[in-house]
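Open your viewer and get ready to make a few selections. We will go step by step, one helix and its neighbours at a time.

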Amino acid sequence: MDKFVINGGKQLNGRIKISGAKNSALPILTATILADGDYSLGNIPNLMDVRTMLKLLGVLDIKYNFSENSVHLKNLGNNELYTAPYELVKTMRASVLVLGPLLARRGFAKVSLPGGCAIGERPVDQHMKALAQMGAKIDIEHGYIVAEAARLKGCEVYFDMVTVTGTENIMMAATLAEGETVLYNAAQEPEVVDLAKFLKKMGAKITGEGTNVITIKGVSELRPADYIVMPDRIEAGTVLCAVAATGGDVVLEDAPVDCMKATIDKIIETGCKVDIVNSSTLRIVSNGKLRSADVVTQPYPGFATDMQAQFMAIMTRSQGISVITENIFENRFMHVSELKRMGADIRLKDRSAVIRGVEKLSGADIMASDLRASAGLVIAGLIAEGTTNIHRIYHLDRGYENFDIKLNNLGADIRREKDE
Ligand code: UD1
């Protein structure tokens with residue numbers, strides 16, 4: 001296991017290139033189950049989660065070659081294989097994204113139930129309910145979702161809550177279903193739109209992506225396609241937070257500017273200057289002295305829950321009091337106790353955190369608990385006085401490509417070391 005040793009107090013300056021979006025790459029990879037043949041996918045971030053997904057596809061007889069952010073895949077069409085084993089699913093909840101494509105293409109799916117994680121229970125009942133409505137026989141047996149359908153049938157699906165991977169799973173399943181499927185209360189996240197664009201290149205008939213009603217007309221067959229995955233808005237937002245807090249002048253290249261409005265607005269509210277140079281370039285200038293701002297996490301286009309920990313980290317040193325309300329996951333405040341160990345003044349009440357800005361954070365030994373929490377802790381380490389050791393940094397590695405190297409290129413002082 002690795003840890004980060006961060007010597008805080010350095011300003012960030014220079015240029016940084018944003019990687020491909022993890023949450024777009026993962027569903028797009030699973031969509032290759034839907035048609036046999038060869039695929040070439042670009043801008044794929046080299047991350048633990050992506051490598052886990054490729055391993056899972058390998059188990060399903062989809063061969064791959066991953067190098068330099070490109071993946072070439074060959075789906076050999078082995079319909080006898082339809083099991084996503086516990087060993088792989090337990091390390092990455094997004095593995096459940098193979099459920100819809102497997103059922104639609106191979107007629108069977110056996111996918112280990114992902115179980116809970118540090119940020120909450122995270123059930124997949126909405127995925128299962130929708131597939132049952134589409135005619136699948138679906139049960140839970142020995143910790144696995146076991147599903148069967150000769151051919152799924154289109155229908156109207158009303159999601160009880162906005163679910164990103166739920167929308168993606170059912171959208172993929174519906175591409176090969178008989179007739180029309182309409183998804184109501186669908187997720188509008190840009191990654192859902194990116195997946196829809198890829199599916200359309202494969203021959204799927206989809207309209208309404210990016211709104212809360214998505215219509216899919218089933219086709220009898222899809223074909224393989226090549227695609228370039230969109231850039232990662234959460235990585236870009238994390239960099240904005242880091243620079244806001246440390247102070248400095250940074251240009252972000254290959255940023256998905258159009259879908260970052262909620263984050264950009266909040267960063268501007270804290271007193272930083274953010275220029276939209278063009279549709280893929282942002283420039284942030286900060287003197288490191290931030291005003292407080294309140295945040296409520298919401299489905300897209302609201303403020304992303306995946307940005308909550310990072311924003312909280314910068315609020316710990318703001319001038320004033322801010323309230324951060326987490327509406328998406330019930331237990332996504334694991335970073336609070338670690339930030340408090342560094343001197344932050346945070347009080348939790350139900351789903352809200354009240355943060356009173358302090359003069360300084362001081363370096364400490366702290367523990368990463370989940371992916372985005374660890375990004376918040378890295379930001380805290382960058383602004384703290386002295387040295388911060390962040391243990392269990394593998395959580396960060398699941399979702400940020402070479403983040404230590406990228407931040408060091410901007411002037412940060414982060415060392416990756418082996419931890420006991
Ligand atoms: C995705 C993202 C994750 C992000 C989250 C919310 C991927 C791979 N991951 O996760 O980074 O934090 O969206 O933006 O894209 N729920 C149910 N039943 C279900 C499905 C969801 O109760 O069947 C609940 C969840 O527990 C949660 C809420 O709905 O409280 C939203 O979850 P969801 O959008 O499904 O999150 P993921 O798709 O897992």
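Select helix α7, residues 190-201, in this predicted model. At 1.5 Å a residue, its twelve residues should span 16 Å, and the end C-alpha atoms lie 17 Å apart, so the two values agree.

Now colour α7 by burial. Nine of its twelve residues are buried, so α7 is largely enclosed by the rest of the structure. You can pick them out as P190, E191, V192, V193, D194, L195, A196, F198 and L199. Step past the end of the helix to G203, which follows α7 and has a positive phi, near 105°.

Next, add helix α1, residues 22-31. Its axis comes within 9 Å of the α7 axis, and the two cross at roughly 30°; α1 and α7 are therefore roughly parallel to each other. This crossing is right-handed. To see the contact, show the side chains of N23, S24, P27, I28 and A31 in α1 together with E191, D194, L195, F198 and L199 in α7. Sorted by class, this contact has six nonpolar, two polar and two charged residues.

Which helix should you add now? Choose α6, residues 164-175, whose axis comes within 10 Å of the α7 axis and crosses it at roughly 15°. That makes α6 roughly parallel to α7, and their crossing is right-handed. Here V164, T167, E168, M171, M172 and T175 of α6 meet E191, V192, L195, A196 and L199 of α7. By class, the α6 contact with α7 holds seven nonpolar, two polar and two charged residues.

Finally, keep E191, L195 and L199 selected: these α7 residues meet α1 and also meet α6.

Methods. Residues are numbered from 1 along each chain as its sequence is written. This is a predicted model: local features need pLDDT of at least 70, side-chain atom pairs count only at pLDDT 80 or more; totals for chains, interfaces and linings use all residues. Side-chain values use heavy atoms; hydrogens and water are left out. Axes are lines fitted to C-alpha atoms, for helices over the stretch in contact, and angles run from 0 to 180 degrees between N-to-C directions. Helices (H or I, at least four residues) and strands (E, at least two) are DSSP runs, numbered from the N terminus. Angles under 35 degrees count as roughly parallel, over 145 as roughly antiparallel, 65 to 115 as roughly perpendicular and the rest as oblique. A crossing is left-handed if the near helix is turned anticlockwise from the far one by less than a right angle, and right-handed if clockwise. Contact means heavy atoms within 4.5 Å. Ala, Val, Leu, Ile, Met, Phe, Trp, Tyr, Cys and Pro count as nonpolar, Asp, Glu, Lys and Arg as charged, and the others, Gly among them, as polar. The expected span of a helix is 1.5 Å times one less than its number of residues. Buried means under 20% relative accessible area, exposed over 50%, partly exposed in between (1.4 Å probe, protein chains only).
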